[in-house]
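Trainee: Before we go through this model, could you take me along its strands, its cores and its charged pairs, with the cut-offs stated as we meet them?

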Amino acid sequence: MEELFLHVLNRSLTGSWLLLAVLLLQPLVKKAPDWLRGTLWTLTALRLVCPFVLPVPIGFAPSAEPVPQGMLYAASPAVDTGIAALDDAVNPLLSAQLSPEAGDSVNPMQVLVFAGSVIWLCGMLVMLLTAAVSWLNLRRKVRTSLPMGEGIRVCDRIPSPFLFGLFRPRIYLPADLPEETAQYVIAHERAHLRRHDHWQKPLGYLVLTLHWFNPLVWIGFILFCRDAEHACDEMVIREMGASHKKPYAHALISCSTGHGRPSPCPVAFGEEAVEHRVRHVLHYKKPAFWVILAAALAGLTAVVCFFGTRWEPDDGLKTYIDSCIASHHQNGRASEHYAAVSWELLGTKQRGSHRTLYMWVCYREYSYDGDLVLESGSHIPTAITVKKEDGAWRILEYWEAEDGSRYAPSIREKYPIHLWGKGTDSQRYVQKQCEECDRMARAYFENEAANVKGRNMTYCYDRSPEQFPPELVLFQDGTFRFTYSYFSSYLPMGTYAFRNGGIILTTSDDPPRIYVFDGAEEGFVFNAEQSSPIPSYRYSSDAKEPECPVPDGALFLPAK
C-alpha cells in the first residue's frame, strides 16, 4: 500500500504542473469555445491518472518521480523534485530527522509513509461514502416522480431541476416549476446530455477522490464544473438567440440551489455559482477568431510542455549504453571473441539532468571456427543511470537485479511500480534478444566487410614476449579493440581517429583512456609518452622485473 501511495503522490505532484498551467490560463481560455476548455480539463485529468510519465521534447516538468520509491529503504532519505534549491533545503532536514539509526527495528520513513497511506485511504473512503449516500438519497427522492415527456420527469420532493442517471439519464423538474422557466431548464439539461456531462462529472469526482489531498485538484474540479455549466449556458443562448438572455438569466436565479459544493451528481441547473453565470450569460458574445486561436495555441503549449518530463534526442545515447553494457561484462573475454549486446527498454525516469533507463539486457559472447559457438552470456533486468556533461554521456550507476531469493524484491525496490511486471517477466524478451545477438554475431564472423581480419586492419606487435602478442583491430565502423596483453582482464574498446598519418584511440571508459600511435612506413608505432599508462606483467619466473607488454616505440605491423 505504501508503494501505491507514493506512486499516486508522484502522479499528483508531477500532474500539478499541468494543472497549475491550466489554472493560470483561465483568464484567456474562459473566452474560448467550450470544446477547448473541456479538452484542457480532460487532458489534465488524464495526466493525473496516467500510470507513467511520457518523455516530451520540451517538457517543463522538472522531475518524473519527486518522491522516489527507494527512499522507503534508503539510509539517507531524499526527494528529487528537479528543483535544486528546494532539494537542498528539504533533503538535509529529511536526512537529519528520518535517517534510520543502527539497531532500529523499522525505518522511520516507512512509518511516516505508512501513516500517510492510511490517511490517504481513509480520505478516499470518506469521499466515496459521501457520494454514495448523496446518490442513494437522491434516488429515493425521485422514486415517486411522474413522466412529463421523453426523458423528462416531474417530482414534488426536489427543490431544483437536475439531470440524474448514468446509463438512463433523465431530466427531473420540480412540480411547481413555471412553464416559461421549464423550457430553459430542459434546453440546458439537454445540452449537458449532448456534452456527456452526466459521465464526465462523476469521472472528474473519481479523479478528485484519488487526489483529495491536493488543493490544486479541488480548485480544478470546481472550475471544471463551472466551465461545464458555462458551456451549456452558451449552447442554449446560441440556439435560442440573444433575445433570450434576460429570461434565461431569470430562470437561473429562480432555480438557484444556494450552494456549489463538489459532488459527483446530479448535474443540477442552478448549482454552480449562479451569480457568476448570470453575468456570463448577459455579457456573452461569440468569441473572435483571434481569441480562439490564441487560446488554442496557449492550451496546446501548456499540454505539450507539462504533460511529461523533458526528453532529449538520442545524441549517441544508445551507442554509449551499448559500450557500458559491453564494458560491464567484458572481464575475461578472449581477444578473438565477439560480444553482442541487445537490450529492451522498459521505461525511463528523468531526475533533473540524470536519466535512468530500465531495461532487459542480453549479453552474449561468441567464437567462430567454421561454426558459431556461444561462449558465455546473460539475460538480466538492468537499470543504468547516466548524465550528460559537456556534450558527452557519463555513467553514474550500473544496477543489476540481485541473485537468488532477493531477485524479485530487488527489482520492486529499484523499478517504478508500473514496470514491476515487465521487470520480473524473464521470458518476455529473452528469445527475441538472443536471436538478435545471434544475427549480429553471424554478420560479424561471416561477412567479410564486418570481419576485418585479413584486410590489413589488424595489427600485431610481433616482438612481444607473450605467447599471444598484443593486437590492435581497427573496425570499419570507426571502433577499435586493443588487446595489449593476454594476461589482462581489461580490454580497451572505443573509437579511433586518424591524425597526421597516425591514429588516436579513445576508450569508452569514464574517464576515457587515450592510446596514441604514430604513423610508420608499414604500420604504426606506439607513443607511450602521449598515451595512458599500460600495466606491466612478469612473463616468466626468471624475469627480474615486470615488463610493459607494449613499450614505447613498439612497432605494430599488419597481420599476415
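**Strands, cores and charged pairs**

Mentor: Strand 15 (residues 493–499) and strand 16 (residues 502–507) run antiparallel and are joined by six bridges. Strands here are DSSP E runs of at least two residues and helices are H or I runs of at least four, both numbered from the N terminus, and two strands pair if DSSP finds at least two bridges between them. This is a predicted model, in which local features need pLDDT of at least 70 and side-chain atom pairs count only at pLDDT 80 or more, while totals for chains, interfaces and linings use all residues. Residues are numbered from 1 along each chain as its sequence is written, and side-chain values use heavy atoms, with hydrogens and water left out.

Trainee: Which residue of strand 17 is the bridge partner of Leu505?

Mentor: Leu505 is the bridge partner, in strand 16, of Tyr496. Strand 16 also pairs with strand 17 (residues 514–519), in the antiparallel sense and over four bridges, and a hairpin of six residues joins the two. In strand 17 the partner of Leu505 is Tyr515.

Trainee: In what order do the eight strands close into a barrel?

Mentor: Strand 17 continues to strand 18 (residues 524–527) through four antiparallel bridges, with Val516 partnered by Asn527 and four residues between the two strands of the hairpin. Neighbouring strands of the barrel sheet, whose pairing is antiparallel, are turned by 30 degrees against each other on average, direction ignored, where axes are lines fitted to C-alpha atoms, for helices over the stretch in contact, and angles run from 0 to 180 degrees between N-to-C directions. The order in which the eight strands close is 12-13-14-15-16-17-18-19.

Trainee: Which residues touch the most other members of the largest nonpolar core?

Mentor: A nonpolar core is a set of buried Ala, Val, Leu, Ile, Met, Phe, Trp, Tyr and Cys residues joined through side-chain atoms within 4.5 Å, and buried means under 20% relative accessible area, exposed over 50% and partly exposed in between, with a 1.4 Å probe and protein chains only. The largest such core has 23 residues, and the helices that each supply at least two of them include helix 1 (2–24), helix 3 (34–49), helix 5 (108–141) and helix 8 (215–240). Another core lies apart from it and has 22 residues, among them Tyr459 and Tyr496. In the largest core, the residues that touch the most other members are Trp41, Tyr205, Leu208 and Phe221.

Trainee: How far apart are the end C-alpha atoms of helix 5?

Mentor: The expected span of a helix is 1.5 Å times one less than its number of residues. The 34 residues of helix 5 should therefore span 50 Å, and the separation of its end C-alpha atoms agrees with this. Among the buried residues of helix 5 are Met109, Val113, Trp120 and Leu138. The end C-alpha atoms of helix 5 are apart by 50 Å.

Trainee: Is His211 buried or exposed?

Mentor: His211 is found in the loop between helix 7 and helix 8. Leaving aside its neighbours within four places in sequence, His211 is in contact (heavy atoms within 4.5 Å) with Val8, Arg11, Ser12, Leu48 and Val217. Because its relative accessibility is 0%, His211 counts as buried.

Trainee: How many residues apart in sequence are the parts tied together by Asp438 and Arg364?

Mentor: The structure holds ten salt bridges, each a side-chain nitrogen of Lys or Arg within 4 Å of a carboxyl oxygen of Asp or Glu. One of them joins Asp438 and Arg364 at 3.5 Å, N to O, and both residues are buried. Because Asp438 lies in helix 15 (residues 430–446) and Arg364 in strand 9 (residues 354–368), the pair ties together parts whose separation in sequence is 74 residues.

Trainee: Which residues are linked with Glu402 in a network of salt bridges?

Mentor: The side chains of Arg406 and Glu413 meet in a salt bridge of 3.0 Å, N to O. Arg406 counts as partly exposed because its relative accessibility is 30%, and Glu413 counts as partly exposed at 31%. The residues linked with Glu402 in the network are Arg406 and Glu413.
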